[in-house]
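User: Hey, I'm new to this one. Can you walk me through it?

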Amino acid sequence: MKHAAKLVLPLLIAASGSALAEESLAPHVHGEALLQVVLDNQELVINLNSPAYNLLGFEHAPQTDEEQALVENLDTNMRDPQFWLELPADANCSLSRVSLGQHVETTKQGEAHDHDHDHEHEHEHEHEHEDNDQVLSEHRDLAYEYHFLCADPDQFDQAQVKLFTHFPALTSLHAEVIGASQSLQELNAGNTLLKMP
Ligand SMILES: [Zn+2]
């Protein structure tokens, strides 16, 4: 299942003016997620964007107590970046801000979309123009943004990503890393070490 829900990316990435940022729009592909790491002097900004499917197993708004509990548990866990990310202690990075966001993409019969983003579709829907509000598909991306201040940024040479042990549905993490230079890295359950370029 491939449905391209393009995310609006944080200004910091766009403001970096890098060619990398041009490719930063994250396609919504179940099993895949995007990680962006920017270290600028002492300021470290980390963005994680993932289809909710990878983290929750579903993408609709929670409908049962069990689903609601899963969402709240995920929020609680993800507010603490140490849940999924191990920064080098020597870098002395302290968390200054966390923000959680989401982007919902709904496709209804006879109605293209509920808003104006660009879309790519693997298959075309028939435009039947019926008065029918049945939701054909709903996709949800979850976004997490963390700001750190690192007292010794020179010591930030790598980081361990622990997402794959917590979220088995996540199989591939595309990482865009900007430090002294920049690199694209592919992480997975067998390769969880993010290296600063
Ligand atoms: Zn989806």
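Analyst: Sure, let's go through the overall make-up, then the core, the strands and a few loop residues.

User: What kind of model is it, and how many helices and strands are there in the chain?

Analyst: It's a predicted model. The chain has 5 helices and 12 strands.

User: What percentage of the residues count as buried?

Analyst: 25% of the chain's 197 residues count as buried. As for contacts between residues at least 6 apart in sequence, 67% of them join residues at least 24 apart.

User: OK, the core. How many residues has the largest nonpolar core?

Analyst: The largest nonpolar core has 32 residues, and V37, L44 and C93 have the most contacts inside it. Two or more residues each come from β3, β4, α3 (52-56), β8 (135-150), β9 and β10 (172-178). The largest share is from β3, with 6 residues.

User: Why would residues like that sit together?

Analyst: As a general tendency, nonpolar side chains in soluble globular proteins are buried together.

User: And what is V37 in contact with?

Analyst: Setting aside neighbours within four places in sequence, V37 is in contact with I46, A175, V177, I178 and L194.

User: Let's stay with β3. Is it enclosed or open?

Analyst: Largely enclosed by the rest of the structure, because 7 of the 9 residues of β3 are buried. Strand β4 (residues 43-51) is also largely enclosed, since 8 of its 9 residues are buried.

User: How do β3 and β4 run when they pair?

Analyst: They run antiparallel: 7 bridges join β3 (residues 32-40) to β4. Within that pairing, L39 is the bridge partner of L44, and D40 is the bridge partner of E43. The two strands form a hairpin with 2 residues between them.

User: Which way does β3 pair with β10, parallel or antiparallel?

Analyst: Parallel, over 7 bridges. One of the pairs there is L34 with H174 in β10.

User: Back to that hairpin. What's up with N41?

Analyst: N41 is in the loop between β3 and β4. Its phi is positive, about 55 degrees, although N41 is not a glycine. In general, most residues other than glycine have a negative phi.

User: Is N41 buried or exposed?

Analyst: Exposed: N41 has 8 other C-beta atoms within 10 Å, and the cut-off for exposed is 12 or fewer.

User: Which other residue has a positive phi, near 50 degrees?

Analyst: N92, which is not a glycine either. You'll find N92 in the loop between β5 and β6 (93-108). N92 counts as partly exposed because it has 16 C-beta neighbours inside 10 Å.

User: New topic: what about α4, how many of its residues are buried?

Analyst: The count is 0 among its 15 residues, so α4 is hardly covered.

User: What span should α4 have, and what are the ends doing?

Analyst: At 1.5 Å a residue, the 15 residues of α4 should span 21 Å. The end C-alpha atoms are 21 Å apart, so the two values agree.

User: What comes after that helix? Where is D80?

Analyst: D80 is in the loop between α4 (65-79) and β5. D80 counts as exposed because it has 12 C-beta neighbours inside 10 Å.

User: How far is D80 from L95 in space?

Analyst: The C-alpha atoms of D80 and L95 are 8.9 Å apart, while the two residues are 15 apart in sequence.

User: You mentioned β5. Which sheet is β5 part of?

Analyst: An open sheet of 3 strands, in the order β5-β9-β12, with antiparallel pairing. The edge strands are β5 (85-86) and β12 (193-195), and each of them pairs on one side only.

User: How many bridges join β9 to β12?

Analyst: There are 3 bridges joining β9 (residues 158-161) to β12, and the strands run antiparallel. If you want a pair to look at, Q158 stands opposite K195 in β12.

User: Nice. Where should I look again for the core, which strand gives the largest share?

Analyst: Look at β3, which gives 6 residues to the core. V37, L44 and C93 are the core residues with the most contacts inside it.

Note on methods. Residues numbered from 1 in each chain as written. Predicted model: local features only at pLDDT ≥ 70, side-chain atom pairs only at ≥ 80, totals over all residues. Pairing = 2+ DSSP bridges. Helix = DSSP H or I, 4+ residues; strand = E, 2+ residues; numbered from the N terminus. Buried ≥ 20, exposed ≤ 12 C-beta atoms within 10 Å, placed from the backbone. Contact = placed C-beta atoms within 7 Å. Expected span 1.5 Å × (residues − 1). Core = buried A, V, L, I, M, F, W, Y, C linked by C-beta atoms within 7 Å.
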